[in-house]
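Trainee: I have a new model open on my screen and would like to learn how to read it. Could you walk me through it, one feature at a time?

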Amino acid sequence: MSIASSSSRVRPTTRRTTRVIAALALTACAAPALAIDLDEARVLSRQGQRLKVEIAYASDPGEPVSAVRFSVVAARAEEGSFSPSPQLFTIMQPESSNRVILQSAEVVRAGQIDLVLGLGTQPGRQVLYRL
């Protein structure tokens, strides 16, 4: 009888220990939020073409950049000009290169565009580029 009651006490402890170990393993596997530093935007297109912009980025020293997600949150042309749709931008990230290339689907004739870029690795962080 004492062996049976002893083993029944061990089982809840074993389950609890297993849950704690599983929780710690999941925490260890979770990727930390990277601090991404964005460089100046370089416009690769001309007025009257689809807007094409290249932005280099880096992480803190010693932190490899494995996966960074970008999104175009807003694109506003100067007053009186057509603004390209932010949802229609193509976002390209060349392999083995810390840069992103953004290209609008529509032709842009405006002399100035404000482009708001969102970073998926840092929720809520948005960066404004005046092009």
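Mentor: Let's begin with aromatic pairs: rings of Phe, Tyr and Trp (its six-membered ring) pair if their centres lie within 6.5 Å, and planes under 30 degrees apart count as stacked, over 60 as edge-to-face and the rest as tilted. Searching the whole structure for this feature gives 1 aromatic pair. In that pair, the ring centres of Tyr57 and Phe70 are 5.2 Å apart and the planes make 55 degrees, so the pair is tilted.

Trainee: Before I go on, what should I know about the model and its numbering?

Mentor: This is a predicted model, in which local features need pLDDT of at least 70 and side-chain atom pairs count only at pLDDT 80 or more, while totals for chains, interfaces and linings use all residues. Residues are numbered from 1 along each chain as its sequence is written, and side-chain values use heavy atoms, with hydrogens and water left out.

Trainee: Which strands hold Tyr57 and Phe70?

Mentor: First the naming: helices (H or I, at least four residues) and strands (E, at least two) are DSSP runs, numbered from the N terminus. Tyr57 belongs to strand E2 and Phe70 to strand E3 (residues 70–77), so the pair ties together parts that are 13 residues apart in sequence.

Trainee: Are Tyr57 and Phe70 buried or exposed?

Mentor: Buried means under 20% relative accessible area, exposed over 50%, and partly exposed in between (1.4 Å probe, protein chains only). Both Tyr57 and Phe70 are buried.

Trainee: How do I read the sheets, and what is the strand order in the one with 3 strands?

Mentor: Two strands pair if DSSP finds at least two bridges between them. The open sheet of 3 strands runs E3-E6-E7, with antiparallel pairing. E3 and E7 are at the edges with a single partner strand each, so one side of each has no neighbour in the sheet. From one strand to the next, the twist averages 20 degrees; for such angles, axes are lines fitted to C-alpha atoms, for helices over the stretch in contact, and angles run from 0 to 180 degrees between N-to-C directions. E6 and E7 pair in the antiparallel sense over 5 bridges, and Leu115 stands opposite Tyr129 in E7.

Trainee: And what is the order in the sheet of 4 strands?

Mentor: That open sheet has the order E1-E2-E5-E4, again with antiparallel pairing. Here E1 and strand E4 (90–92) take the edges, each with a single partner strand, so each has one side without a neighbour in the sheet. E2 and E5 are joined in the antiparallel sense over 7 bridges, and Ile55 has Val100 in E5 as its bridge partner.

Trainee: Now for charges: how many salt bridges are there?

Mentor: The rule asks for a side-chain nitrogen of Lys or Arg within 4 Å of a carboxyl oxygen of Asp or Glu. The count is 3 salt bridges. One of them joins Arg42 and Glu54 at 3.2 Å, N to O. Arg42 sits in strand E1 (residues 36–43) and Glu54 in strand E2 (residues 49–59), so the pair ties together parts that are 12 residues apart in sequence.

Trainee: Which other residue forms a salt bridge with Glu54?

Mentor: Glu54 also meets Arg99, at 2.5 Å from N to O. This pair links distant parts of the chain, with Glu54 in strand E2 and Arg99 in strand E5 (residues 99–108), 45 residues apart. Arg42, Glu54 and Arg99 are thus linked in a network of salt bridges. Glu54 is buried at 12% relative accessibility, whereas Arg99 is partly exposed at 27%.

Trainee: Where do the partners Asp114 and Arg130 lie?

Mentor: Their side chains form a salt bridge at 2.7 Å, N to O. Asp114 is in strand E6 (residues 113–119) and Arg130 in strand E7 (residues 126–130), 16 residues apart. Asp114 is buried, with a relative accessible area of 14%, while Arg130 is exposed, at 56%.

Trainee: Last one: what does Ser104 touch?

Mentor: Contact means heavy atoms within 4.5 Å. Leaving aside residues up to four places away in sequence, Ser104 touches Arg50, Leu51, Pro84, Leu88 and Phe89. Ser104 lies in strand E5 and is buried at 1% relative accessibility.
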